[in-house]
Every structure is written in C-alpha cells, then in structure tokens.
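Here are a few warm-up exercises to work through with the viewer open. Try each task before you read its solution.

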Amino acid sequence: MGFFGWGRPAWKHRDAEVRLRAVHDLTAERGGVLRDLALHDPEARVRAAAAAKVSDANALRDLAAQGDAAVKRIASERLSGVAEQQLRAKSWAECGPLLDTITDQKSFAELTLHARDAQVRSHALDRLLAAASPSGALLATVAIQDAGGDLGRRVLPRIDERRLLKDITRKAKHDAVRALATERLSTLAAEDAKPSAERLRQARAQALPPLMEQAQRLAVTSDLDRGEREWATLAARWRETFEQYATVPVDAATTAIDVRFQRARQDFAIRATAERERAAGERAAEHERQEQAERDRAAAIAAGVVPPATESAAPMVAVVELAPDRAAELDALNREAEQLAQVTSGFTEAIHRFQDLHKRWLMLAADLPFGDVRRERFTA
C-alpha cells in the first residue's frame with residue numbers, strides 16, 4: 001500500500017477531489033475500475049464521473065440496474081448510444097438484445113433506415129410503431145427515405161397529419177410509397193366528410209344538458225297539471241335524443257345524466273301522486289264535515305234548539321293544533337324555502353335542496369287544511 005498512502009492509486013485516495021481528478025485521467029481500458037467507482041465510491045460526484053466514462057455494454061447494464069439515480073440515468077443514456085452504434089454495424093444475431101436498452105424514438109428511426117442488418121431494421125421499426133404515440137415526423141422520414149418501399153408501406157397507416165402525407169407524396173423515394181400516401185390522403189378526407197363517433201358523442205353531450213335543466217325546473221313546479229303535460233313532451237325529446245345517437249356507445253357521463261333525469265322525473269311523479277292523494281283526502285274530509293254539520297243542524301232544528309238557516313253557512317277552516325317540535329320544524333322549512341326562492345346563482349344546488357325540503361314538508365303538512373298560513377306560506 002505504501003507508507004502514508006504513497007504508492008496507493010489516486011482513485012483510492014481519501015480526498016474526494018483527488019479521486020475525481022484521477023477518474024478524469026482514467027482511460028476506457030480501465031473499465032473495471034470505472035465500474036467499481038461508479039457503484040461504490042462514497043462521493044456522488046466521483047460515481048457520476050466514473051459512470052460517464054464507462055463504455056462497455058455489460059458494465060453499463062450493471063450500472064443501469066444497480067447504481068444510484070444519477071448513475072442509472074448516465075448509464076442508461078450511454079448504454080443507448082453504445083447499443084445504437086453496435087446495432088448499426090452488427091447483425092441481429094450478434095447484438096439483438098441490445099435493442100431493449102434503447103427507448104429513444106429517434107434512435108429507432110435511425111436504425112430503421114441505416115442499420116446494416118435487415119432484421120435489425122425491421123425490429124427497430126417494430127419498436128418505433130409500438131410506441132404509445134410514435135412521432136409522425138419520424139415515421140414520415142422513414143417513409144420518405146426508404147428506398148425499398150417495404151418500411152414506408154408499414155408506417156403510412158400510422159400517419160394522420162395531412163402536411164406530412166403531402167410531403168411523402170412529393171418526396172418519397174419509392175413510387176409505391178408515394179401512391180399509398182396519396183390514397184391515404186383521400187381516405188382521411190372521406191372520413192372527415194362524415195361525423196366521427198367522437199363528434200357524435202360530443203353532439204349528444206351538448207344536447208342533453210339543456211333538457212336536464214328543463215327537467216330540474218319541472219321537478220319542483222307547483223303547477224302539477226302543466227308539469228305533467230310538459231313532462232310528457234320532455235320525456236319524448238329525451239328518448240329521441242338517445243335514439244338519434246344510438247350508434248354511439250353510452251359512456252359514464254351520459255349514464256350519469258340519464259340517471260339524474262329519470263330521478264327528477266320519478267321525484268315529480270311521486271310528488272304529484274302525493275299531492276293529488278292529499279287533495280282528495282282533504283276533499284273527502286271536508287265533504288264529511290259538511291255532511292256531519294248538516295246532520296247536526298237537522299238534529300238541532302228537530303229539537304227546537306236553533307232556527308233553520310236562511311242562507312248557506314260560510315265555509316269554516318279547521319285549525320289544526322300541532323306539537324311544538326313539529327310546528328317549529330314547519331316554520332324552519334318555510335324559512336329555508338323562502339331563502340332558496342331568493343337565490344341568484346347556484347340554481348342546480350337550490351333545486352336539489354328544495355326537492356329535499358318539499359319531501360319533508362309533504363310529510364309534516366299532510367293534515368293541514370287549505371287556508372292554513374303554514375301551508376300557504378310554503379306554497380307561495
């Protein structure tokens with residue numbers, strides 16, 4: 001080792017600055033030393049500098065798998081460059097696995113056009129086409145520069161930009177590629193002439209909300225007869241809208257708005273039924289009261305207690321005594337309903353809240369007669 005460190009290699013020195021300078025002086029032939037420094041040196045700057053000088057593909061794979069974040073990034077970039085160089089010059093049998101170390105679309109395009117081995121060119125194009133969003137410009141470059149025509153024919157179906165296709169029709173080296181680009185332009189123009197599924201979906205998405213707003217207004221209307229007539233018309237329009245776009249799959253947003261529409265329609269029907277039943281009950285009760293009053297009066301007349309009435313008696317309004325807590329809740333519901341009637345924004349939330357209030361109010365006010373101030377207040 002040497003006395004006081006004399007004779008020790010500089011890359012093993014205790015001072016990180018000394019080791020860093022030593023790494024810059026190391027040549028590629030000391031690949032093993034560089035790999036060990038990139039993996040194990042305690043100083044991050046030394047590890048990164050060592051990784052940047054490694055050129056062996058196997059060593060770079062080790063660093064890309066085991067190093068720290070900076071070393072992995074550097075090793076991956078260098079490995080991609082080394083892999084591209086070897087794939088350009090060697091056969092697929094010799095270096096095919098190196099293609100897995102490349103992620104850059106530009107490298108795939110370069111190999112597709114310039115690799116010596118036909119299998120390398122084909123596999124590189126496979127990787128380019130398999131990308132989630134392959135670059136249209138790179139695909140167009142392949143189509144234009146491919147002298148054989150086979151690679152150009154493979155990329156044309158993935159090119160949608162008219163500008164790029166027009167360039168191919170003018171510049172492609174192969175006649176068949178130019179002809180196919182012209183044909184693809186015509187196909188895209190024909191597709192544009194008819195509405196796409198996405199355009200139909202957007203049209204349906206724009207047609208439903210106005211109908212939904214009308215449904216929300218009808219759900220809380222107090223004019224039940226008019227509401228039922230308008231609901232019949234609105235339900236028919238809603239059904240026709242779905243039939244008009246029957247070829248478009250129903251997505252989650254469409255399902256959600258349809259559920260809301262049907263719920264609003266059901267809420268109105270429940271409220272209308274409850275209101276008609278309540279009104280019918282009140283009429284029956286009033287009829288029974290009038291008949292009982294007539295029977296009582298007839299009995300009184302027969303007994304000589306009261307004289308016969310010369311004029312019809314004025315209708316009486318029954319006063320219903322309520323429990324204090326029920327009366328208090330009715331007052332609270334009336335106050336909140338009056339506040340909702342004054343809102344100037346947030347109408348959808350106000351409508352939903354009023355529906356909830358109305359359901360509770362129907363339960364609390366079921367036996368209140370017409371003319372009762374608590375009933376008239378909420379109705380107003």
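A residue counts as buried when its relative accessible area is under 20%, with a 1.4 Å probe and protein chains only as cover. Keep in mind that this is a predicted model.

**Exercise 1.** Work out what share of the 380 residues counts as buried, and look at the surface too.

*Solution.* Start with the cut-off: apply it along the chain, and 35% of the 380 residues come out buried. Then turn to the outside: the accessible surface is about 22,700 Å², and carbon and sulfur atoms hold 54% of that.

**Exercise 2.** Describe the overall build of the chain: which secondary structure does it have, and how does its radius of gyration sit against that of a compact globule?

*Solution.* First, count elements: you get 18 helices and zero strands. Next, take the radius of gyration, which is 42 Å, where a compact globule of 380 residues would be near 21 Å. Now check the box: along the principal axes, the C-alpha atoms fill roughly 140 × 70 × 35 Å. Finally, look at contacts with a separation of 6 or more: 58% of them join residues 24 or more positions apart.

**Exercise 3.** Is T101 buried or exposed, and what does T101 touch?

*Solution.* Find T101 in the loop between α6 (92–95) and α7 (105–114). Its relative accessible area is 17%, so T101 is buried. Leaving out residues up to four places away in sequence, T101 touches L79, S80 and A83. Closer in sequence, the T101 side chain reaches the backbone oxygen of L98 at 2.5 Å.

Methods: Residues are numbered from 1 along each chain as its sequence is written. This is a predicted model: local features need pLDDT of at least 70, side-chain atom pairs count only at pLDDT 80 or more; totals for chains, interfaces and linings use all residues. Side-chain values use heavy atoms; hydrogens and water are left out. Helices (H or I, at least four residues) and strands (E, at least two) are DSSP runs, numbered from the N terminus. The radius of gyration is taken over C-alpha atoms; the globule rule is 2.2 Å times the number of residues to the power 0.38. Buried means under 20% relative accessible area, exposed over 50%, partly exposed in between (1.4 Å probe, protein chains only). Contact means heavy atoms within 4.5 Å. Accessible areas come from the Shrake-Rupley method with a 1.4 Å probe; for residues, only the protein chains shown count as cover. A polar contact is a pair of N or O atoms within 3.5 Å; within protein, one must be able to donate a hydrogen and the other to accept it, and residues adjacent in sequence count only if both atoms are side-chain atoms.
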